[in-house]
Amino acid sequence: MAAFLPISLLIFSASGFFVFVCGHLTDFTLLVKPTVVSGVDVATEILFSAGTSNASEVPTTEFTTSYRKSTAETTTESPTGKEGQKPVRKVLKTEKEDDEGPLELAKRSTRSLTVAKKLKNVLKKPKVIPKKPKVTKTPKPEIKKVKHHQSAATKTASQCPPLGLESLRVKDAQLRASSYKRQGLGPHRGRLNIQVHVTSSACRFNPAVHFTAVLLLQSGIDDGDIYDGAWCARYKDKNQWLEVDAQKLTRFTGAILQGRNSIWSWDMVQTYKVQFSNDTLLWKPCMNGSKEAIFEGNQDIETPVLSLFDSPAVARYIRINPQTWYQNGTEGDICLRAEVLGCTLPDPSNVYAWQTEPTESRDKLDFKHHNYKEMRKLMKSVHDECPNITRIYSIGKSYKDLKLYVMEISDNPGKHELGEPEFRYVAGMHGNEVLGRELLLNLMQYMCQEYKRGNQRIVHLVKETRIHLLPSMNPDGYEMAFKKGSELAGWALGRYSYEGIDMNHNFADLNSVMWTAIELETDQSKLINHYFPIPEQYTSEEAFVAPETRAVISWMQNIPFALGANLHGGELVVTYPYDMTRDWAPREHTPTPDESFFRWLAAAYASTNQVMSNPDRRPCHNKDFLRYNNIINGADWHNVPGSMNDFSYLHTNCFEVTVELSCDKFPHASELPIEWENNRESLLVYMEQIHRGIKGVIRDKDTGVGIADAIIKVEDIDHHIRSVADGDYWRLLNPGEYRLTVSAEGYFPSSRTCYVMYDHFPTICDFNLTKTPRRRAKDILAKGGKLPKDLQLRLRQLRMRKLRVSTKAINQRRAAAKRAKRV
């Protein structure tokens, strides 16, 4: 799979439709069968001619160059000048596999440049190879093969980023259409990778292992949702179009097209045209040499197809005009989702441009998409720059033997310090949700730089917290998505592991174990509410568990994390446990005993995120999370059995939430600086929440040695935690007054009241436990000592008390048996 790199391009047509065109970076020639049509719209005839602007280019990086080339449309009139001939159109596509790996638009290979240079010379004298017409009963016009040459303008076309339909930088008001079937299929829904429903269906093979299928749909059950999955024209003719207003003069260089996945039918545009305008009155067609270009669109409903324009045009408006579309029997709808590539040109009349341009990050970080090798290189560079506070280690390998690297940031790397809590960020569980990966790489660089500068906030975090950053939990999936590149990976490519496992559903289902025990156990005092053991079926080699999941579980068990978050993409919301509904309902609010604190954690991230906290932002897809202040109980959104959040809460001490970072799963590299600015404060604030609540050390009163596995109970919160190897513990809590009880095997329980304030540091509550007489005797005898008289007397009293209790119970049973015989 890594040996080939197809490049897919999506093109915006002047009529309002997108066409998907696929090709390859080194494929600069194309044989075209011109379309023969009769009659040309007069408006098309008078459109201003295409030309290249003298304005300076705005280079950007990171966009895959696979694309399908356009075909040319010619007009042939009958010798008698009569109208009425039916158009005959044949669209050819040439796709070549590139074995040089993923290439970004701004990074063309030497081979590509050489080929393009040669073709540019050929362009001066294009060869037209006539093809003999076939002899049939009905005479057909002659179809010629024409070599498609790439102009110099096309070379620079690849440098323009997406305009922002998918990322929502393009507002709904900037989208217009010739018609639409209903509000839910209006032009505002014609956005690349727009989704409607994300449903999960799970099949349980046993209490611990299950298989979950995720279904992504672009329409509701009744096909009538106000947030539907595409733009669909009301009429089915070639006069329909989708229009984008860039609001500024823009060098349009290409477009990306995608179909619509309805429950009831497949909808996709197969070919389309593109037009440009500065005033929406006169429209210029996109040309292929001297002929109007027809671009090849989609062959399925999900794969994004990129098309680069042969001659980039400078204009304000662009239209996509579908020409052919998939026919569902006799009912074929014109539906599409799209993205447009374009470089916004500076306005020479705007003397205050600095006030209107989007603010990018001032931090000097490596803003780009990093593949596996580049990620390792960057992590090493951070370690080399800050060797005293960083450490790189691996927790295991993926199915394809790629190591799962973690960056540790601490003032004493490699060692757990008494009283210092452990924090983790995990990104890339879904390989195509790449923003979290880049944010964690940025966070490493930022903390290293700021620590060296003496930033007291960062210095305090590093000295008081042991931080672990896992930027890529699913490196195999990421590599698949990376090879397609931003916008072209689609909604699901790379989401799963190489084996096809969704790791967000791959952890042991401890929720069902807990709820089953509650239903079967009549004595509530015997129920456990923490540290649920992993079922044996799950740990077997035959269990359907990814090696990446096993590695993370082992990591969780070896390091006493107190707080964490896993970073996803595709929405803008923070979800908290439980993620699984109790009765396997599609969605139902299912809170944990720590509901209030989980809401605090989720709000800490969402309220400081610049996009989530914007009250005027548009919902990403069909769910308006602004109504919930951008936080929601995971099970109340959709049922997720086997999630990492639930497993972490029920099997370890760690509290964890899921952060959906952006509407766009795979943002373009040019958007990464802004995304960093949107999330930097949130990433830091969330880490600081680990110092909220109560912490302390549980020691043996006689020896002062820390007690491991002591149980810490908080009154009225039915979820306990345990102390770690050195006896230290961290109980995350909201401000308030709490009654804590600590117990350990062989010790008398101890209770005390602790107060949590609003300060940014925890309340310290230490406990000194006294051994029981049995434990004292056991320890003395183990050392070969002799029991003191007071301890011998105490043990004798305990034995007598136990004997009296057992004798009383035996006598009661005998008396009951005698009464039963009499009856």
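This is a walk through the disulfides of the structure above, which is a predicted model.

Let us begin with the overall count: the structure holds 5 disulfides. To see how they are arranged, imagine numbering the bonded cysteines along the chain. The pairing then reads 1-4, 2-3, 5-6, 7-8, 9-10. Keep that pattern in mind while we visit three of the links.

Start by finding Cys160 and Cys343 in the model. These two cysteines form a disulfide, with 1.8 Å between their sulfur atoms. Where in the fold do Cys160 and Cys343 lie? Cys160 sits in the loop between α3 (152–157) and β8 (175–177), while Cys343 belongs to strand β20 (residues 335–344), so the bond ties together parts of the protein that are 183 residues apart in sequence. You can also look at the twist of this link: the torsion about the S-S bond of Cys160 and Cys343 is about -120 degrees, which means that the disulfide is left-handed. As for their surroundings, Cys160 and Cys343 are both buried.

Now stay with strand β20 and look for Cys335. A disulfide joins Cys335 to Cys232, with an S to S distance of 1.9 Å. Here, too, distant parts of the chain are linked: Cys232 is in strand β11 (residues 231–232) and Cys335 is in strand β20, 103 residues apart. Is the link of Cys232 and Cys335 right-handed or left-handed? With 115 degrees about the S-S bond, it is right-handed. Cys232 and Cys335 are buried as well.

Our third stop is the pair Cys386 and Cys448, a disulfide whose sulfur atoms are 1.9 Å apart. Cys386 lies in the loop between α5 (372–385) and β21 (390–397), and Cys448 lies in helix α6 (residues 435–453), so this bond ties together parts that are 62 residues apart in sequence. The torsion about the S-S bond of Cys386 and Cys448 is about 85 degrees, and therefore this disulfide is right-handed.

How do we decide that a residue is buried? The cut-off is a relative accessible area under 20%. Cys386 has a relative accessible area of 5%, so it counts as buried. Cys448, at 2% relative accessibility, is buried too.

Before you leave the model, try the reasoning on two further cysteines. Cys286 has a relative accessibility of 1%, so it is buried. For Cys654 the relative accessible area is 0%, and therefore Cys654 is also buried.

How values were computed: Residues numbered from 1 in each chain as written. Predicted model: local features only at pLDDT ≥ 70, side-chain atom pairs only at ≥ 80, totals over all residues. Heavy atoms only, no water. Disulfide = S-S within 2.5 Å. Helix = DSSP H or I, 4+ residues; strand = E, 2+ residues; numbered from the N terminus. Buried < 20%, exposed > 50% of the residue type's maximum accessible area, 1.4 Å probe, protein only.
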